[in-house]
Amino acid sequence: MPLENIEALYQNIPHTLSLLLKARGYTDVKAWDQLFRPSLANLKSPFLLDGMTQVIDRLIQAYQSQEGVLIYGDFDLDGSSGAALLYSGLKDLGFSKLFYVQPKRLTDGYGVHSHILERYLGKVKVILTVDVGITAFEATEYAQQNGIDVLITDHHLPKGEIPKALAVINPNKGFCPSGLGHLCGVGVGYYVFLALWMRLKENIKQKPDSFTDVQIQQIKNIDPKSLLDLYVIGTITDLVPLIEENRVLVKHGLKVLERTERPGLKALMQKLGLLGKKLGAQDIGFRLAPKLNSLSRMDKGLLPIDVFLCEDELSASRMVEQILSLNSDRLSFQKQAEAFAINQAFDSEESYCLVFDETLHKGVVGLVATRLAQTYNKPSFVGELKNGKISGSARLLDGSVLNLVDMMSECPSLSAFGGHAQAAGFELYLDKALDFENELKNYFFKHSDEIASKALNVNLKFDLELKVAELDMNLISWLEKLEPFGVGFDHPIFKITKVHVIDHRSLNGGHVKFKVQQDQITLDCIWFKHTLTLENLDTLTGSKVDLYGQIEINEYLGQKKLQFMVHNLTTN
């Protein structure tokens, strides 16, 4: 598009938003256009990923020979959506002998397990992993000893060596030139599908006689964008940076998800009031994903991948009833566990929270750790104690200067750990619990100066300081066009200074709603899981405060009203 046409698109952009974009390094309308209208034409070639050629060669061989292929995905939503994406994509391409499997969260745990692969001996000749496998040394060897080729696709960091699989695709394995390290498991899986589709189309051009008419039509009729609804769910929930390829594909994928034709997803989204609605990342992260995640957390048979791959409306309707029932059970377990954990951590003066007990359900320990981190603003470790072993999850607040993986790497008492900087898993034996506590104490003592120095630089971060009068529906409209927001491209945080609180009321769940006033203009505010003490909450009305947060639309009974979602508050 000519530059003058691009400039015309943004001539009415709010001045506050142009300031924000420039502050983030997007200094001209061309850069703005890539944010507002990211193009699929700008995606990197999937063949830049090291190992892609070998993976595609082996899958083409399986396609031509009609060999059995097992897709093995992790149990989280990244692995579930990735496995569903590859299963759907390969099925549409014409693979005739496809299987999929995932480990159970509560009984198997993370990883590629030989006892699961054993079920497929004699049925498959290829195993294709999704979002898992970079540490699967034993299982890879077991499969290959039994005549099965292993193709690993993952995005997690390796621990030293890499399994001796037939091929390994992982942009973060240390020697991949693709520059695609921001992809999560479903992202890598999507790139495998794209490469396979591209190669098959090229083969049709070169040797059309080696394909049947049915195969040619199957391959030619595929629209790769149709898989992006699954890409969106995995990418948003895995909290990878929404930049470059992720931003492009999520932006387009949200539109696909809004009108998804997958019966299971469609029925669930309709029940949640999301179908046909303009979706943002928060709709996925806070409304859709928790319901799907409840399935693997409760481990009662139905899994997210079953919802993704459901093919008829009657089954989909039954699934939705089960999903909502299991989510209700999950909420009950979570509420009890949170109350117990908060009570246990209440008197602790340590720089961390550590809670474990036989009564804690393994399926909700990550959610409880998140609640502890929110309540006490500390790294939080929560685990289920079973048979002398603690299996748990660790969480940090967004924006923390700490890194859980770095922290746990200095704790030799742990028998296993891994994950991301702000969300990780860990295991240790009960007789090592005291050692673990001492190691955490030593970590904070050893790094106290460094932590304090970093904290000064990130405390109360915001993009722009605005007045209440500058917040309006036009600004929100432009912010919606700028979606998706997420890790690496955060939702803009605004600071509003010296506003008077004119009333407040507490809500169930630890939330508070209040109104503020500045220059005779009022603004509705809500603070979820607020960190005010009871004393400060009681004296909130009448005080003068500075607010840090984001603007959004609150829709109630068909009425839309601007609302400020508070992230932090300081008194003057």
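Modeller: Before we look at anything, two strands are said to pair if DSSP finds at least two bridges between them, and both strands (E, at least two residues) and helices (H or I, at least four residues) are DSSP runs that are numbered from the N terminus. This is a predicted model, in which local features need pLDDT of at least 70 and side-chain atom pairs count only at pLDDT 80 or more, while totals for chains, interfaces and linings use all residues. Residues are numbered from 1 along each chain as its sequence is written, and side-chain values use heavy atoms, with hydrogens and water left out.

Biologist: OK, so how do S12 and S13 pair, and over how many bridges?

Modeller: Strand S12 and strand S13 (residues 511-518) are antiparallel partners, joined over 7 bridges, and within that pairing His504 lies opposite Phe514 of S13. The hairpin that these two strands make has 3 residues between them, and in that hairpin Gly509 has a positive phi near 90 degrees.

Biologist: And which other strands does S12 pair with?

Modeller: Strand S12 (residues 494-507) pairs in the parallel sense with strand S11 (residues 464-465) over 2 bridges, where Glu465 is opposite Lys495. S12 also pairs with strand S15 (residues 544-556), this time in the antiparallel sense and over 5 bridges, and there the partner of Phe494 is Gly549.

Biologist: Switching to the sheets, what is the strand order in the one that includes S1?

Modeller: That open sheet has 5 strands in the order S2-S1-S3-S4-S5, with parallel pairing. Its edges are strand S2 (98-101) and strand S5 (167-169), each of which pairs on one side only. On average, neighbouring strands in this sheet are turned by 15 degrees against each other, with direction ignored; the axes behind such angles are lines fitted to C-alpha atoms, for helices over the stretch in contact, and angles run from 0 to 180 degrees between N-to-C directions.

Biologist: Which residue of S5 is the partner of Ile152?

Modeller: The bridge partner of Ile152 is Val168, and strand S4 (residues 149-153) and S5 run parallel, with 3 bridges joining them.

Biologist: What about the sheet with S6 in it, how is the pairing there?

Modeller: In that open sheet the pairing is mixed, and its 5 strands come in the order S6-S7-S8-S10-S9. Strand S6 (353-357) and strand S9 (416-419) are the edge strands, since each pairs on one side only. Inside this sheet, strand S8 (residues 389-395) and strand S10 (residues 423-429) run antiparallel and are joined by 7 bridges, one of which pairs Lys389 with Tyr429.

Biologist: Helices now: why does the span of H5 look right?

Modeller: Helix H5 (residues 77-93) has 17 residues, so at 1.5 Å a residue it should span 24 Å, and its end C-alpha atoms are indeed 24 Å apart; the expected span is 1.5 Å times one less than the number of residues. At its start, a side-chain oxygen of Asp76 comes to within 3.2 Å of the backbone nitrogen of Asp78, and after the helix comes Gly94, with a positive phi near 115 degrees.

Biologist: Is H5 mostly covered or not, and how many of its residues are buried?

Modeller: H5 is mostly covered, with 15 of its 17 residues buried, where buried means under 20% relative accessible area, exposed means over 50%, and partly exposed lies in between (1.4 Å probe, protein chains only).

Biologist: And Gly280, buried or exposed?

Modeller: Gly280 is buried because its relative accessible area is 8%, and its place is in the loop between helix H12 (263-271) and helix H13 (281-298). Not counting residues up to four places away in sequence, Gly280 touches Leu254 and Glu483, where contact means heavy atoms within 4.5 Å.

Biologist: Then what is the accessible area of Met198?

Modeller: Met198 has a relative accessible area of 34%, so this residue is partly exposed. Met198 is found in helix H8 (residues 185-206), and leaving aside neighbours within four places in sequence, Met198 is in contact with Pro46 and Phe47.

Biologist: Last one, which residues touch the most other members of the largest nonpolar core?

Modeller: They are Phe95, Tyr190 and Leu288, in a core of 97 residues, to which H8 gives the most, with 12 residues. A second, separate core of 41 residues includes Leu464, Phe514, Leu523 and Ile551. A nonpolar core here is a set of buried Ala, Val, Leu, Ile, Met, Phe, Trp, Tyr and Cys residues joined through side-chain atoms within 4.5 Å.

Technical notes
A polar contact is a pair of N or O atoms within 3.5 Å; within protein, one must be able to donate a hydrogen and the other to accept it, and residues adjacent in sequence count only if both atoms are side-chain atoms.
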